[in-house]
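I opened my notebook to look up a few things in this model. My entries follow the structure.

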Amino acid sequence: MISSIIADMVENKDRAHHDMGGLPAGPVDRGEHEAAFWEKRVDAIMMLLSDKQRRLLRVDELRRGIESLGPDAYDKLGYYERWIASITGILVEKGVLTQKEIDARIVQLRSRREAKP
Amino acid sequence: MNARFAPGERVSVDKRYPKKHCRTPYYIRGKTGVIERICGKFANPEELAYGRDGLPKRPLYRVRFRQTEVWSSYNGMDDDTVDIEIFEHWLKPASKGAKK
Amino acid sequence: MSEHPHDHGHPHAAIEQTEPQGHYQYLADAVRELLIEKGVFTADEMRRAIEAMDARTPAQGARVVARAWVDPAYKARLLADGTAAVEELGIDMGPTKLVVVENTPNVHNVIVCTLCSCYPRMLLGLPPAWYKSRNYRSRTVIEPRAVLTEFGTRLPDDVDVRVHDSTADMRYLVLPMRPEGTGHMSEDELATLVTRDTMIGVAQVPSPS
């Protein structure tokens, strides 16, 4: 009995955070939320990067990137926040973009936006 | 790579826990079901996820499991099922002793 | 004007400006701008990708269901090879394959993706938030009847529930049962009865009367 409980615990350690089928969870929140424009743009970035013409990014790579964000980020981030975090990580990994230029662009975008009345 | 299993055949899912990306859900590992259909051959997601080509393509199946055999606490009906797509390299023939 | 420099004529600037912009929105803007500057894709391709996304709605799936309801030969083809049958109606499944599962008086089908959020976008558009939620993904495989009840779908005990966990290259569409009292309706009228949720399998098509 105790050994089977321990065996279960050992197995649970092997369950990846995103692999949640069968775990206890609450009622389904059926509220409708239409995708925001920036979310659609993240989706479109993925569609374009993975299309036949480009094939720069596979959906499997997107998933692997999301799964490796860690349990904390997986739960805290919104759906498309996870997507853009994963997409960015893989583009940097592949050398399509550098972290340095992304960081610099974010600083620029922030100051551009803050300069607006 | 020709499909090793035929529809109707009983198969068991490997009970292993790789640390890398894979598409075989945790809850179905070690369970026994029946081949519902052969879906065709597809590149291996365990390779594609790391930027490799995932070739050769591998047979993918839909495997049907009885819910009462998947979950010890299942409280629906006896004939309820769950169908899951599983790649051939996760499947082996069910042992003779496996529950029907 | 909005903080994104290109002019694409979308009426979203007002909405966006009222909300504080978080780190990930900046990240998304930065990545998009850099990819356009490097010529990976153009602003125009981005605009068209979003237009195509907006054009994919559950009306596509409803068209397929209505056709299957009025044309038994089409229904047989749809169940045998979903990908080819929707192609006949001009719907391209892309790299995925379509499996259509039929509800009958004895069988009710419901779709979930426990590992992420695989969804038949070509037929239903973007998935609803609940489809992507932890609660739906965790529970639908282990207690489908309880989840269905939350959606107002109560199934008698003699109906078998078939859950489909969308884990790899297949995408799923539920072919709901045609309700009673619709014998006089045209294919187009029938299509208006078919909702997104009935094609995911969390709801049934009610009789119009």
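**Notebook: chain A and its contact with chain C**

Among the contacts in chain A between residues at least 6 apart in sequence, I found that 55% join residues at least 24 apart. I keep in mind that this is a predicted model.

I looked up the secondary structure next. Chain A has six helices and zero strands. Along the sequence I read the pattern α-α-α-α-α-α.

Then I checked burial. Of the 117 residues in chain A, 42% are buried. The accessible surface of chain A is about 6,400 Å², and carbon and sulfur atoms hold 57% of it.

How many residues does each chain give to the contact? I noted 60 residues from chain C and 54 residues from chain A. Together the two chains bury about 5,300 Å², with 60% of that on carbon and sulfur atoms. Tyr24(C), Tyr26(C) and Arg134(C) supply 13% of the area that chain C buries against chain A, more than any other three residues.

I turned to the charged pairs. I count ten salt bridges between chain C and chain A. Glu45(C) forms a salt bridge with Arg54(A), and their closest N and O atoms are 3.2 Å apart. I also list 22 residue pairs in polar contact between the chains, both residues at pLDDT 80 or more.

Which element gives the largest share of the side of chain C that touches chain A? I found H2(C), with 14 residues. I sorted the residues of that side of chain C as well: 28 are nonpolar, 14 polar and 18 charged.

Methods: Residues are numbered from 1 along each chain as its sequence is written. Chains are lettered from A and ligands numbered from 1 in the order in which they are written. This is a predicted model: local features need pLDDT of at least 70, side-chain atom pairs count only at pLDDT 80 or more; totals for chains, interfaces and linings use all residues. Side-chain values use heavy atoms; hydrogens and water are left out. Contact means heavy atoms within 4.5 Å. Buried area is the accessible area (1.4 Å probe) that two parts lose on being put together, summed over both. A salt bridge is a side-chain nitrogen of Lys or Arg within 4 Å of a carboxyl oxygen of Asp or Glu. A polar contact is a pair of N or O atoms within 3.5 Å; within protein, one must be able to donate a hydrogen and the other to accept it, and residues adjacent in sequence count only if both atoms are side-chain atoms. Helices (H or I, at least four residues) and strands (E, at least two) are DSSP runs, numbered from the N terminus. Ala, Val, Leu, Ile, Met, Phe, Trp, Tyr, Cys and Pro count as nonpolar, Asp, Glu, Lys and Arg as charged, and the others, Gly among them, as polar. Buried means under 20% relative accessible area, exposed over 50%, partly exposed in between (1.4 Å probe, protein chains only). Accessible areas come from the Shrake-Rupley method with a 1.4 Å probe; for residues, only the protein chains shown count as cover.
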